[in-house]
Amino acid sequence: MSGKISMNNDCEKYREQLYYGIISEEINEIFYSEHIDKCAECKNFVEKIKEMQNNLITIGENLQKTLPKIDIKETIFTEISKVKNGEQVIRNAIDKEDVIPEFVEWNLYIEEEVNDVSRYRCELKLEHSLLLRDEIEQICQIHQSLNNIGSTWEAPVLDTDLLPSILEKINHYKEKQEEKIKSIEKLEEELFELSSAITPALNDVDISAQVAKKIKGKDYLTKNKEKPKIFKLKSNITSNRNEKSKDKIATKHASYNYVIPLAIAAVLVLTLLGVFINFSLNQDLTNRQIDTATNSNIKENNTIRNDTYKTTQPFYQIDSESNSQNKQIAIKMDNGKSTHRKNYVEGALSVWTNQLKENALANAGKLMRMGVWATLSPEEARELLQQSGLSPEAVLGAVQFLPPDEARVVLQAAIDNNPNDAYLRYAMVQTLMKLDNVSNDDIYNHLTEWSQLDPSNALPHFIEAELYMKNGLPDKAINCITDANSATNYNSYSTITAKAYMEALLAKGVDPEMAKLLASASLGLRESQDLENMVQTLLDYGKYYEDIGDYETALLIYEALKNLGVKIDTSSTLIQERIAGLEYAQKAVNAMLRILSSTNTLSDTQSLIDFTQTLNEMMTNYNLALNNFYKLFDTDNPALILDVLNTYLTNGNVTIKSTNQQ
Amino acid sequence: MNNSLQFMDGDKTPRSSYSDEALMTLLAHGEETALIELVQRYQNEVFRFCYHYLRDIEMAKDAVQEVFLRLYIARDRYNSEKRLKPWLLCIARNLCLNELKRQKLIHFETFDSYIENQNYEQSEPTKQGFENQKSLTPFEKLVIEERQKILWDELNKLPEDAREVIVLRYFEKMHARDIAEILDTTEGAVRTKLHRILKYLKDRLDERKDFDE
């Protein structure tokens, strides 16, 4: 059969064979097959394929010649070693970790303490890795060997009962402790005797001649050479010095007097030492105990009238100072301890205070820091009130020193004439709360009137809440706390009270500058004390609710106290009151955090923690501001001091800045 | 737990039935008979524990007395929510370490004294590695002794803190949780340390290659 065969199905069949032939290089056989020989197209196709193949081979050979040789073996080995090193670095880092979860799991597996899930996981790993399996098996062997070694170890046996020697040691220790306590008490007694000996001697020191001599030699006048003012106290409030010294009261620039500071320093050191011993021996002796005992003393001695600048206390205020004569009176405490120690401390403090008062403006800084009380005896207060033409402020000032039942009468008369005076209502509430035979309704009525006259003030609501708590009406107390939360500020009328004191002192005849200074030094003290008592009472009730599991009520109380602290911070004009407010807010926040952590509601704690941080920053700033404020009084210029006092008594000290800061 | 309240009315239940924490609560309230019970309960254990550190019987006895004196002094500071035994042994440990420091000695310097006090008659049958010596042939006993010698040798080369953990785990048979409390660390850290030690011993023994021969 000859002739050309045109493209048909056979071509496909032979093309397939062709392709296979070309790949396997058996092209010659196929080439000469019958179809290829006869089919021009297929023959053409084969020739073209062969040509293409040759071309590609040629291209490859050319490329091989022209392209540079690349040896990547070194690179690969380097990279592999890096990976290995990296692994080692990671391994070293892991090995430094104290806890490696994988190791913990393997140890649990070896000790047969592992749970089912972990056991399954470990056995799976062992199944997949022969190396690991061998390793763990060997470790198990070593573990077993060590276990057996430990089991076969014979521990030494305790052949004697050590109990008698132990008890003997404990008794010996107890005896030593007793001896230590006795020696400290003996030392304390000796110190008290020493201070008793020093104190009267200080009173007899007359340094006026030396002071006058110093003054003559120095020029500490102002630039315009004004004569220094001589501050002479009126006769009925002079100190307990002898008559000679009354005429030679030191002038203002006592800083040049070295004898008084030295004497004061000696008393101060003894005071601090005694206080330290007191604290270390009896840490339960709180300020309240001392104050309570002192208050009882004051009640016994409030009729003493002498030339001492008397610290008789207003009827509703606990006084932290006492007359030096009180040291003669034994104070019986519940535990019968520390009587003479307290007397010694209080006596020394009182002498020091009196020394400072003698040179009031010169020691303005010290007096301000101490917060010295300006007081009147009840008789003096009654005498004042009988005077005609007494200013309303002076009346208010005198009333504070009357016994509560008398004060109530005077205040009621004032309220009848001035029913819309919020301060009078406040004073009446304070008076009534200290009386025993008063119906609660009276107090509630005045509180209601007060809160209506001063609706934005949170204080009356808190006082009412405290009263309801004490009277066993918690629901009403909670309502008051809710009302307190909606009040926007806090006002304890401390500047009004201080000004009233000042007016009363002036009416009594106290030197104006002295009156101003003493009123300023006591500004805010009794209000702070009252506030602290009230906050503590509410915190105690909050704790009570916490302990019985009523967290909702407890949180409500704490939240209200926190808000109170914020209100005090934003509305009080006194830095020290603001600091106190922040401290109360902090206590409330701590209590809230305690509840939230115990009830596992930790999601709410972050805002409180942030708030705490803010509080801390603010307290630091306020403490700095208070320090700066007190430093304003450490100056030789009385005019500056009086200027500051005027502003302080009117506007508080939050906005006062030193000349450097202005 | 706090079992203190039920004992405050002076009942006459024998002290031996009280828990450790209840006894400590009683002691803190001035009930010194509780201390007697605690001493009787723990003096042996504390002695043994102190002996590990001090390696001297008389010193260990002195240490035991001092430990209970410190327990008495610190009775008010004990937190009844924590177990007493680890707390007590922690006091003992600190005391022993201070004493060693004072005498400039190193604790767990070697395991030689442990080797001397081995009693193979007490051994128990195990899966592998260590069988009851009574049932072994002399050759097998020799092999095991050689293996143990090598193991002791490697144990002596461990760092001090690792030896301490080995002693507490394998000689005192303490649980990792208790060891953690005594050493003031976590249970995870103790287990990690134990596994590291065993791994290290395994690697060291592999290097020597004569362990399995």
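**Exercise 1.** In this predicted model, find which residues L561(A) is in contact with, leaving aside its neighbours within four places in sequence, and then place L561(A) in its nonpolar core.

*Solution.* Once the neighbours within four places in sequence are set aside, the contacts of L561(A) are F462(A), V535(A), L538(A), L539(A), A585(A) and A588(A). Next, L561(A) and F462(A) both appear among the residues with the most contacts inside the largest nonpolar core, a set of 101 residues, together with M368(A), W450(A), M534(A), L564(A) and F629(A). Helix α27 (residues 575–598) of chain A supplies the largest share of this core, namely 12 residues. Finally, another core of 71 residues lies apart from it, and its members include I110(A) and L146(A) as well as F49(B) and Y78(B).

**Exercise 2.** Decide why helix α1 (residues 20–28) of chain B is largely enclosed by the rest of the structure.

*Solution.* Buried means under 20% relative accessible area. Of the 9 residues in this helix, 8 are buried, and therefore the helix is largely enclosed; they are D20(B), E21(B), A22(B), L23(B), M24(B), T25(B), L26(B) and L27(B). Their cover includes α2 (33–54), α3 (57–73) and α4 (84–102) of chain B. After α1(B) comes G30(B), which has a positive phi near 100 degrees.

**Exercise 3.** Locate L63(A) in its helix and determine which residues form a nonpolar surface patch with it.

*Solution.* L63(A) belongs to helix α4 (residues 40–66) of chain A, and its relative accessibility of 44% makes it partly exposed. With M52(A), L56(A), I59(A) and L67(A), L63(A) forms a nonpolar patch on the surface, whose accessible area is together about 510 Å².

Conventions:
Residues are numbered from 1 along each chain as its sequence is written. Chains are lettered from A and ligands numbered from 1 in the order in which they are written. This is a predicted model: local features need pLDDT of at least 70, side-chain atom pairs count only at pLDDT 80 or more; totals for chains, interfaces and linings use all residues. Side-chain values use heavy atoms; hydrogens and water are left out. Patches are made of residues with over 30% relative accessible area and no salt bridge: like charges are joined within 9 Å, nonpolar side chains (Val, Leu, Ile, Met, Phe, Trp, Tyr) within 5 Å. Accessible areas come from the Shrake-Rupley method with a 1.4 Å probe; for residues, only the protein chains shown count as cover. A salt bridge is a side-chain nitrogen of Lys or Arg within 4 Å of a carboxyl oxygen of Asp or Glu. Helices (H or I, at least four residues) and strands (E, at least two) are DSSP runs, numbered from the N terminus. Buried means under 20% relative accessible area, exposed over 50%, partly exposed in between (1.4 Å probe, protein chains only). A nonpolar core is a set of buried Ala, Val, Leu, Ile, Met, Phe, Trp, Tyr and Cys residues joined through side-chain atoms within 4.5 Å. Contact means heavy atoms within 4.5 Å.
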